[in-house]
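Student: Please take me through a single part of this model up close. Set the whole chain out first, then go in.

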Amino acid sequence: MTRTAPERLRAADDELSDAVEEVLASYLERRGVDTAAIDPAFGTATAALTDFVLSGGKRLRPTFAWWGWRGAGGSPDDPHAAGVLEAISALELIQACALVHDDLMDASATRRGRPTVHVDFARRHAEAGWQGRPARFGAAAAILLGDLALVWADDLFRSSALPVEAIRRAAAPWEAMRTEVLGGQYLDVLHQSTGDTSPRAALQVDRYKTAAYTVERPLHLGAAIADASPELISCYRRFGADIGIAFQLRDDLLGVFGDPAVTGKPAGDDLREGKRTLLLALALERAAEQGSRASAAAIESALGDPDLDADGVDRVRGLLVDLGAEQAVEQRIAAMTGSALDALSTADIDEPAASRLSDLAVAATRRRR
């Protein structure tokens, strides 16, 4: 049975991913008409972006934004609830931009078990027998489609059916978030290039590349739309920063120890890409403290080695366990999750949002993919 718009909104608390999917599918279909009108070839390219956006994902960012709004007094029965759903769905287009560009910068071959955008378009070039280098065309296509996702995110956010005052209030976290995630991306590239393996550098990237735009700012965005108090926004931001970093630390562990069948990425890909994570920073720090030059050399030689095989990944895994780095990161995740939940308990947050945010914190930091 087809549901009415109010019925879909009332169900959004329990079916938020589906509601976000509906918004994105409808919006991307409309924008696909625009791109096809420019040229059918452009329409075909942007259809790949649409497929990428709708092909999966945890929809964490809209989820945190929705519950941030609900916790600040928002209700599915609010006349502007549909506009809220549109505005927070735009976060998934920022995520698409970040992933497409990140995969290119990291030279990742797969994403969610499928070829990454730059790999897909390089294949199209090669199969068509076009002029020039397929890899260069694939990179150019990924840059442009990632840029388009960012442009469309802003278009969807600012055209959402929200009161002008709500858009104005939400502009500050929206603008800060976009700058922060790009800053985090740059610092990630910079630290890999300079070889900075310090825990400080790793946490700096975690803070801005992941925490700010995954949890902290989406919560802030939802709260701003609801015209929340400065006290609640401060609580959300403390909670979001800690959970966001813990989320990334879990991702770092999965990048080395995760099951490819579950994560959708080859085992040890983070090592091959040379990611300077806290996990590796702590391992190198402990190796230096223990005077284990051989351990440090083995880890350093594996970092950024595109030809690192399964045996090499296993050797590094063993070193990370033996040096206590894996356990240290697990302890950091537990501590930050506890700190975040403590921050959450200090504010007057409407139910069921308070309970949902607590559940989300645990789910985000104990996940297997």
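**Whole chain, then one glycine**

Tutor: The chain carries 41 positive side chains (Lys and Arg) and 55 negative ones (Asp and Glu), His and chain ends not counted. The centres of the two sets lie 2 Å apart, with charges placed at NZ of Lys, CZ of Arg, CG of Asp or CD of Glu. This is a predicted model: local features need pLDDT of at least 70, side-chain atom pairs need 80 or more, and totals for chains, interfaces and linings use all residues. Numbering runs from 1 along each chain as its sequence is written, and side-chain values use heavy atoms, without hydrogens or water.

The chain has 18 helices and two strands (DSSP runs: H or I, at least four residues; E, at least two; numbered from the N terminus). Its C-alpha trace spans about 65 × 60 × 35 Å along the principal axes. Of the 369 residues, 52% are buried (under 20% relative accessible area, 1.4 Å probe, protein chains only). Take contacts (heavy atoms within 4.5 Å) between residues at least 6 apart in sequence: 77% join residues at least 24 apart.

Now Gly304. Gly304 sits in the loop between helix H15 (293-302) and helix H16 (310-322). Gly304 has a relative accessible area of 39%, so it counts as partly exposed, the class between buried and exposed (over 50%). Leaving out residues up to four places away in sequence, Gly304 touches Leu271, Arg272, Glu273 and Gly274. Gly274 is 30 residues from Gly304 along the chain, yet their C-alpha atoms are separated by 3.7 Å.
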